[in-house]
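Where does a protein leave empty space, and what surrounds it? Have a look at the structure below and keep that question in mind.

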Amino acid sequence: MNRETVIVLDFGGQYNQLVARRVRECNVYCEIYSYKTGIEKIKEMNPRGIILTGGPNSCYEEDSPTYTKELFELGIPVLGLCYGAQLMQHILGGKVERAEVREYGKTEVFVDTTSELFSNVSPTTTCWMSHFDYISQTAPGFRITAHTADCPVAAAENADRQLYAIQFHPEVLHTKEGTKMLYNFVRGVCGCAGDWKMDSFVEQSIRAIREKVGDGKVLCALSGGVDSSVAAVLLSKAVGDQLTCVFVDQGLLRKNEGDEVEAVFGPEGNYDLNFIRVNAQERFYQKLAGVSEPEAKRKIIGEEFIRVFEEEAKKIGAVDFLVQGTIYPDVVESGLGGESAVIKSHHNVGGLPDYVDFKEIIEPLRDLFKDEVRKAGLELGIPEYLVYRQPFPGPGLGIRIIGEVTAEKVRIVQDADAIYREEIAKAGLDKEINQYFAALTNMRSVGVMGDERTYDYAVALRAVKTIDFMTAEAADIPFEVLNRVMNRIINEVKGVNRVMYDLTSKPPGTIEFE
């Protein structure tokens with residue numbers, strides 16, 4: 001790696017993405033790897049620091065995830081979090097046991113501020129605990145640097161060897177001074193300069209793309225969403241006329257969105273791009289006919305996109321590279337980043353077919369979280385209204401329609417979603433809510449309209465607030481706004497007789513429905 005990097009070894013913890021995100025907030029680049037990553041590969045990466053995540057197992061059980069002792073002998077600073085802290089102590093000769101009292105939630109922690117890890121942290125601070133086991137005895141050479149009323153070793157360290165163990169989760173916002181602790185580790189203990197910034201990312205990416213592409217031709221999969229738009233402008237600055245942007249209207253876009261995308265990026269738009277629009281609505285509907293399983297839909301949509309791009313590439317002639325707006329959460333949720341389970345196969349990652357007829361796929365944003373993509377977009381000079389537009393999934397309404405996708409269902413969800421977005425904007429809430437949309441459930445229920453019985457669909461409204469799109473909370477929309485949306489949808493959208501609001505956070509849910 002050319003840039004200074006901290007790596008996260010994932011032991012299956014639910015907060016692993018947040019660990020990487022918080023490190024990047026310290027302007028230090030960070031990536032997630034499975035705990036199965038070999039020691040030789042880690043040596044090759046030459047990271048400035050290593051963080052071990054939490055996990056659901058007990059480190060003293062035979063089949064639990066573990067690592068070689070050599071990891072702690074590389075001379076590279078290591079920070080263990082929760083399970084990672086227990087594993088560090090267990091491997092190095094300490095003792096971990098089942099706790100008599102489980103700690104879960106916000107907990108008062110007493111820290112030793114002479115530790116470099118707790119520099120500028122309050123002696124008594126609130127942290128987020130989540131553990132059944134506890135460190136009953138520290139490994140030789142470690143000293144205790146934090147405790148709680150029930151946990152004698154909330155943190156321990158061997159500063160000479162730059163090994164640090166924290167029982168709680170500094171990465172979650174519930175730990176009030178957690179960002180300070182992670183900053184102290186990556187910028188203090190690891191000595192990182194903190195030069196991971198968007199301006200340098202853009203400059204380095206443009207140089208790297210030019211070197212990779214040479215005089216080859218490039219096709220960019222442009223959806224009009226934030227990620228693909230930023231990728232397209234980045235590639236345009238790098239290779240100019242060698243780039244052709246192909247926009248596929250697969251019939252799963254929001255209402256009027258195909259025309260809106262063409263107005264921005266097409267011949268009459270703001271960008272000097274080679275732009276091609278492919279209207280493939282019926283083709284996608286036919287492929288999705290009779291398919292209701294979410295992963296199957298994602299893979300069908302992903303493969304069909306690729307086939308359309310291949311066909312367009314042959315028309316252009318000798319296209320070597322395909323560009324996608326893949327971002328880091330896509331990679332992580334598709335099970336390609338660390339050790340966590342596959343949440344959903346993103347159509348441009350886990351949804352890709354086995355064979356792709358391009359020399360190489362370029363994903364310039366693959367290492368970025370959503371808010372970092374937006375920063376890169378602003379750095380590229382893309383207007384704010386485009387950079388901060390509502391996120392839209394690559395598979396489109398295909399994953400906002402539960403069950404089989406049909407043209408009629410698409411019409412229903414398009415109309416309902418348009419009404420919802422219009423009312424959110426009228427209420428002045430569009431700047432406060434990070435993502436909001438209407439989805440069509442597969443539930444039909446009895447209703448009464450005009451003194452007649454109906455048996456129609458239920459629409460679910462979703463609205464969340466989030467920073468990084470890895471975790472999210474349901475937005476608190478005033479009841480009068482929801483009531484107005486409900487009235488309009490039921491009165492104006494044929495086929496709907498019930499409207500519901502989804503209060504689920506992420507986790508345990510995801511932002512999208514499928």
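Here is a short tour of the pockets, a helix and a cavity. The model you are looking at is predicted. Rolling a probe the size of a water molecule over the atoms shows where empty space is left. In this model, the largest pocket holds about 780 Å³ of space, and the second largest pocket has a volume of about 590 Å³.

**The largest pocket**

- To find this pocket, start from Tyr385, Tyr388, Arg389, Gln390 and Tyr436, which are the closest to its centre among the 27 residues that line it.
- Four helices, α7 (257-265), α11 (370-379), α12 (384-387) and α13 (407-426), each give at least two residues to the lining of the largest pocket.
- Of these, α7 supplies the largest share of that lining, with five residues.
- Sorted by class, the lining of the largest pocket has twelve charged, eleven nonpolar and four polar residues.

**The second largest pocket**

- There are 23 residues lining the second largest pocket, and Arg3, Gln204, Ser205, Ala208 and Asp367 are the closest to its centre.
- Helix α5 (198-213) and strand β14 (360-362) each contribute at least two residues to the lining of the second largest pocket.
- The most comes from α5, which gives seven residues to this lining.
- Nonpolar and charged residues number nine each in the lining of the second largest pocket, alongside five polar ones.

**A closer look at α5**

- Helix α5 has 16 residues and spans 22 Å from its first C-alpha to its last, close to the 22 Å expected at 1.5 Å a residue.
- Which residues of α5 are buried? They are Met198, Ser200, Phe201, Val202, Ser205, Ile206, Ile209 and Val213.
- Those buried residues pack against β10 (217-221), α6 (226-239), β13 (319-323), β14 and α11.
- Ser205 is worth finding on screen: it is one of the buried residues of α5, and it is also among the residues closest to the centre of the second largest pocket.
- Just after α5 comes glycine 214, with a positive phi of about 60 degrees.

**Closed spaces**

- The model has two cavities of 30 Å³ or more, and the second largest cavity has a volume of about 30 Å³.
- Val226, Ser229, Val230, Ile382, Leu386 and Val387 line the second largest cavity.
- Helices α6 and α12 each supply at least two residues of this lining, and α6 gives the most, with three.
- The lining of the second largest cavity has five nonpolar residues, one polar residue and no charged ones.

Technical notes:
Residues are numbered from 1 along each chain as its sequence is written. This is a predicted model: local features need pLDDT of at least 70, side-chain atom pairs count only at pLDDT 80 or more; totals for chains, interfaces and linings use all residues. Side-chain values use heavy atoms; hydrogens and water are left out. On a 1 Å grid over the protein atoms alone, a cavity is a set of points where a 1.4 Å probe fits but cannot get out, and a pocket is an open set with protein on both sides within 12 Å along at least five of seven lines; lining residues have an atom within 4 Å of a point. Grid points are joined across faces, edges and corners, and a volume is the space filled by probe spheres set on the points. Ala, Val, Leu, Ile, Met, Phe, Trp, Tyr, Cys and Pro count as nonpolar, Asp, Glu, Lys and Arg as charged, and the others, Gly among them, as polar. The expected span of a helix is 1.5 Å times one less than its number of residues. Buried means under 20% relative accessible area, exposed over 50%, partly exposed in between (1.4 Å probe, protein chains only). Contact means heavy atoms within 4.5 Å.
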